[in-house]
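Please read the points below with the model open beside them. They go from strand pairing to disulfides, aromatic rings and a few single residues.

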Amino acid sequence: MGSSAALIVALAALATGCGGAGSDTGATKPPAGDSATKDSGSGSGSGGAVVDKGGSDTVFRTEERFRQALPDPASMAGWTPRSANAEIEEAPEPAANCGQDADWYCARIARGEANFEAVGEEAQFDLTAFADRSAAQDACRKEKTWSAKYTEAQVPPVPGVDSHAYYRNAGGLDGLNLFMCTGTVVAQVLLEGEGSSLDPATAHSLAQLFASRIHKAAAAQ
């Protein structure tokens, strides 16, 4: 990521249930049973070119913008909030200094996350912000190249964003990672759990919720 310093702020409003960008619906608890086949081998992945499906040119660089974009307890019925924070880079790395490696977030200007738990399943929402659309698209291309070595997860496309998903097993935990690229941000929904079902339907539902909040936050004045 480079040597840039970051100002970390706790998004207390998210952790305690105060508002973000409204109370969207659609989030569901992780389903019981094993409705998804997990594989830690080297599958086909979800590589390929990034498709720019629009999105706002709004730059996410403030705590308030992240609070609006990240899911809050009101929108996550059935899930218990665990933590939320944002990191604002005080000296972002110039995009020209970033190479072609897996460090896809090199030129980020800010990052935020919100974490929830339900029935042994953890859901983490990450939002990485860049200074402009070009830098975000570059990060998306690098992430897709890096993730192509993992097994593709059959999660339906998320309307309005370029998205892909894959399974990754590490440290005794199963993970389903879903990435979305829109405007000046890259967003991730990570489902994780020991022996978790990691149902693609849950990932898709949470991703739709997240995408809706990101778009509303970008449109907010």
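1. Two strands are taken to pair if DSSP finds at least two bridges between them. The model under review is predicted. In this model, strand 3 and strand 4 meet that condition with nine bridges, in the antiparallel sense. One of the residues involved is Arg111, whose bridge partner in strand 4 is Thr128. The hairpin formed by strand 3 and strand 4 has two residues between the strands, and Val119 there takes a positive phi near 50°.

2. Strand 4 has a further partner to check. Strand 8 (residues 185-193) runs antiparallel to strand 4, and eight bridges join the two. In this pairing Ala129 stands opposite Val185 of strand 8. Why can strand 4 be called largely enclosed by the rest of the structure? Of the nine residues in strand 4 (residues 121-129), seven are buried, and the description follows because of that count.

3. For the overall layout, the protein chain has four helices and eight strands. Read from the N terminus, the order of elements is β-α-α-β-β-β-α-β-β-β-β-α. The chain has 221 residues, of which 51% count as buried. Its exposed area is about 9300 Å², with carbon and sulfur atoms supplying 50% of that area. Taking contacts between residues at least 6 apart in sequence, 69% are between residues at least 24 apart.

4. There are two disulfides in the structure. Counting bonded cysteines along the chain, their pattern is 1-2, 3-4. One disulfide is between Cys98 and Cys106, with an S to S distance of 2.2 Å. The torsion about this S-S bond is -85°, and the link of Cys98 and Cys106 is left-handed. Cys98 and Cys106 are both buried.

5. Cys140 and Cys181 form a disulfide with an S to S distance of 2.0 Å. The torsion about the S-S bond of Cys140 and Cys181 is about -125°, so this link is left-handed. Which parts of the chain does the pair tie together? Cys140 belongs to helix 3 (residues 133-147) and Cys181 to strand 7 (residues 173-182), so the bond ties together parts 41 residues apart in sequence. Cys140 has a relative accessibility of 1% and therefore counts as buried. Cys181, at 5%, is likewise buried.

6. Ala96 sits in the loop between strand 2 (80-89) and strand 3 (110-118). Is Ala96 buried or exposed? Its relative accessibility is 76%, and the cut-off for exposed is over 50%, so Ala96 counts as exposed. Ala107 lies eleven residues from Ala96 along the chain, and their C-alpha atoms are 8.6 Å apart.

7. The aromatic residues deserve a separate look. The structure holds nine aromatic pairs. Among them is the pair of Trp146 and Tyr150, which is tilted, with 5.6 Å from centre to centre and 55° between the planes. Trp146 is partly exposed because its relative accessibility is 24%, whereas Tyr150, at 13%, counts as buried. Tyr150 also pairs with Tyr166: the ring centres are 5.5 Å apart and the planes lie at 15°, so this pair is stacked.

8. What does the stacked pair connect? Tyr150 is in the loop between helix 3 and strand 5 (151-152), and Tyr166 is in strand 6 (residues 162-170), so the pair ties together parts 16 residues apart in sequence. Both Tyr150 and Tyr166 are buried. These two tyrosines belong to one aromatic cluster that also takes in Trp104, Tyr105, Trp146 and Phe179.

9. Arg65 is placed over the face of Phe60, at 6.0 Å from the centre of the ring.

10. The last point concerns His204, which lies in helix 4 (residues 200-219). Its relative accessible area is 15%, and buried means under 20%, so His204 is buried. Which residues does His204 contact, leaving aside its neighbours within four places in sequence? They are Val155, Pro156, Pro157 and Val158.

Technical notes: Residues are numbered from 1 along each chain as its sequence is written. This is a predicted model: local features need pLDDT of at least 70, side-chain atom pairs count only at pLDDT 80 or more; totals for chains, interfaces and linings use all residues. Side-chain values use heavy atoms; hydrogens and water are left out. Buried means under 20% relative accessible area, exposed over 50%, partly exposed in between (1.4 Å probe, protein chains only). Contact means heavy atoms within 4.5 Å. A disulfide is a pair of cysteine sulfur atoms within 2.5 Å. Rings of Phe, Tyr and Trp (its six-membered ring) pair if their centres lie within 6.5 Å; planes under 30 degrees apart count as stacked, over 60 as edge-to-face and the rest as tilted. A charge sits over a ring if NZ of Lys or CZ of Arg is within 6 Å of the ring centre and within 35 degrees of the ring normal. Accessible areas come from the Shrake-Rupley method with a 1.4 Å probe; for residues, only the protein chains shown count as cover.
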